[in-house]
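Okay, thanks for coming, everyone. I'd like to walk you through a structure you haven't seen yet, so have a look at the picture first and then we'll go through it piece by piece.

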Amino acid sequence: MTRGIKAVSASPPVSLITEGVRLTRLMTDDGVAIEAVYAPFQPYGAGSGTGTDPGPAIVVAHGFTGALERPALRRAAAALGRHAAVVTFSFRGHGRSAGRSTVGDREVLDLATAVRWARRLGHRRIATVGFSMGGSVVLRHAALYGAGALGGKTGTAAPGALEAKAGAGAREAAHTDAAVAVSAAARWYYRGTAPMRRVHWAITRPAGRLVSRYGLRTRIDSRGWDPEPLSPVAAAPLIAPTPLLIVHGDQDPYFPLDHPRTLVDAADPSSTELWIEPGFGHAENAAGPALLGRIAAWATAHV
């Protein structure tokens with residue numbers, strides 16, 4: 001357990017928490033328990049009472065094989081936390097969360113549950129920030145739960161089985177006010193780089209899943225997708241009017257620059273920005289405090 005975090009019961013998480021940093025287990029709409037941590041923004045955290053605006057919150061979605069306790073995610077959360085309250089969590093199949101990873105499909109339910117928890121904690125303005133696989137999840141979540149979907153935007157794709165897991169009220173509580181996708185793929189099944197070929201080996205081969213389980217503490221669902229989920233590039237045009245920021249490094253070893261450019265080309269230009277970062281590599285492992293600070297400043301300014 002991370003030092004200084006107070007463990008609490010997962011049901012109900014809000015009524016049992018105390019001031020300060022809080023660790024809990026949340027239940028997703030399909031019944032998977034995920035571990036989550038809330039860190040209040042310090043100027044608001046201690047002593048914020050009923051009727052006091054706790055300010056914006058950033059909900060952070062980590063990359064594949066990441067987890068709540070991983071140093072890279074904790075560093076990212078600390079940097080983002082200088083601008084807002086932060087919720088971090090481990091996706092299903094990662095770290096101490098239950099279930100098995102579906103590599104970007106049902107993880108949308110995990111993110112929706114974390115956003116809903118932030119709203120129960122009093123935050124009315126919420127941004128989601130995702131890295132790599134988490135960036136793809138942020139895009140899909142913003143399309144399926146965002147202002148466009150909730151408002152019945154023309155052309156919005158039905159989320160199918162995901163939508164059936166939550167009623168209209170629960171989906172409203174899980175929506176994001178701004179979305180940031182960092183180092184995200186535009187399309188599924190990409191194998192154009194050596195790192196992504198290794199990722200696909202880990203996902204699709206029994207030996208790879210064994211290595212992931214015991215070496216990386218990541219448990220992968222062997223059944224694959226059925227049906228294939230909405231892809232990030234298909235989700236991109238459905239996100240507006242929710243503000244969207246795409247961040248990508250020109251030194252990303254996993255996804256070349258055609259991925260962010262494809263996403264931006266598909267998205268609504270009136271509500272979408274693209275940052276191509278010189279020298280930046282991939283996801284939370286490579287993101288430094290300066291970049292994370294700029295992301296947090298953008299996120300809090302757009303909620």
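Let's begin with one side chain, Arg 106: at 21% relative accessibility, Arg 106 counts as partly exposed. One thing to keep in mind as we go is that this is a predicted model. So what does Arg 106 meet in a salt bridge? Its partner is the side chain of Asp 30, with 3.1 Å from N to O. Asp 30 is partly exposed too, with a relative accessible area of 22%.

If you try to find those two in the sequence, you'll have to scroll a bit, since they sit 76 residues apart. Arg 106 is in the loop between β5 and α3, and Asp 30 is in the loop between β2, residues 22–27, and β3. And they have company: Arg 92 and Asp 110 join Asp 30 and Arg 106 in a network of salt bridges.

How many salt bridges does the structure hold? The count is 12, and I'll show you two others.

Here's Glu 69 with Arg 217, where the closest N and O atoms are 2.9 Å apart. Glu 69 lies in the loop between β4 and α2 (71–80), while Arg 217 lies in the loop between α9 (206–215) and α10 (232–235), so this pair ties together parts that are 148 residues apart in sequence. Both ends are partly exposed: Glu 69 has a relative accessible area of 24%, and Arg 217 has one of 37%.

The other one is Glu 277 with Arg 294, again with the closest N and O atoms 2.9 Å apart. Glu 277 lies in strand β9, residues 272–277, and Arg 294 in helix α13, residues 289–301, so here the parts tied together are 17 residues apart in sequence. Is Glu 277 buried or exposed? Glu 277 counts as buried, because its relative accessibility is 11% and the cut-off for buried is under 20%. Arg 294, on the other hand, is partly exposed at 38%. Keep your eye on Arg 294 for a second, as it also lies over the face of Trp 275, at 4.6 Å from the ring centre.

That brings us to the rings. There are 6 aromatic pairs in the structure. Take Tyr 38 and Trp 117: their pair is edge-to-face, 6.3 Å centre to centre, with 70 degrees between the planes. Tyr 38 is in strand β3 and Trp 117 in helix α3, so to speak a long walk along the chain, at 79 residues apart. Tyr 38 and Trp 117 are both buried.

Then look at Tyr 190 and Phe 255, which make a tilted pair, at 6.1 Å centre to centre and 50 degrees between the planes. Tyr 190 lies in the loop between β7 and α8, and Phe 255 in the loop between β8 and α11 (258–266), so the pair ties together parts 65 residues apart in sequence. These two rings are buried as well. There's also an aromatic cluster, made up of Trp 188, Tyr 189 and Trp 225.

Now for the inside. The largest nonpolar core has 53 residues, and the ones with the most contacts inside it are Val 59, Phe 89 and Leu 139. Among the elements giving two or more residues to this core are the strands β3, β4, β5, β7 and β8, and the helices α3, α4 and α8 are on that list too. Leu 139 is a nice one to click on: beyond its neighbours within four places in sequence, Leu 139 is in contact with residues including Ala 181, Pro 232, Ile 246 and Leu 263. Apart from that core lies another, of 27 residues, including Val 60, Phe 131, Val 247 and Leu 291.

Last stop, helix α8. Which residues of α8 are buried? They are Pro 195, Met 196, Val 199, His 200, Ala 202 and Ile 203. Looking down the axis of α8, you'd see those residues fall within an arc of 160 degrees, so they line one face of the helix. That buried set packs against α9.

And on α9 itself you'll find Val 211, which is partly exposed, with a relative accessible area of 44%. Leaving out neighbours within four places in sequence, Val 211 is in contact with Trp 201 and Leu 216.

That's it from me.

Key:
Residues numbered from 1 in each chain as written. Predicted model: local features only at pLDDT ≥ 70, side-chain atom pairs only at ≥ 80, totals over all residues. Heavy atoms only, no water. Core = buried A, V, L, I, M, F, W, Y, C linked by side-chain atoms within 4.5 Å. Buried < 20%, exposed > 50% of the residue type's maximum accessible area, 1.4 Å probe, protein only. Helix = DSSP H or I, 4+ residues; strand = E, 2+ residues; numbered from the N terminus. Contact = heavy atoms within 4.5 Å. Salt bridge = Lys/Arg side-chain N within 4 Å of Asp/Glu carboxyl O. Phe/Tyr/Trp six-rings, centres within 6.5 Å; stacked < 30°, edge-to-face > 60°. Lys NZ or Arg CZ within 6 Å of the ring centre and 35° of its normal. Arc of directions from axis to C-beta.
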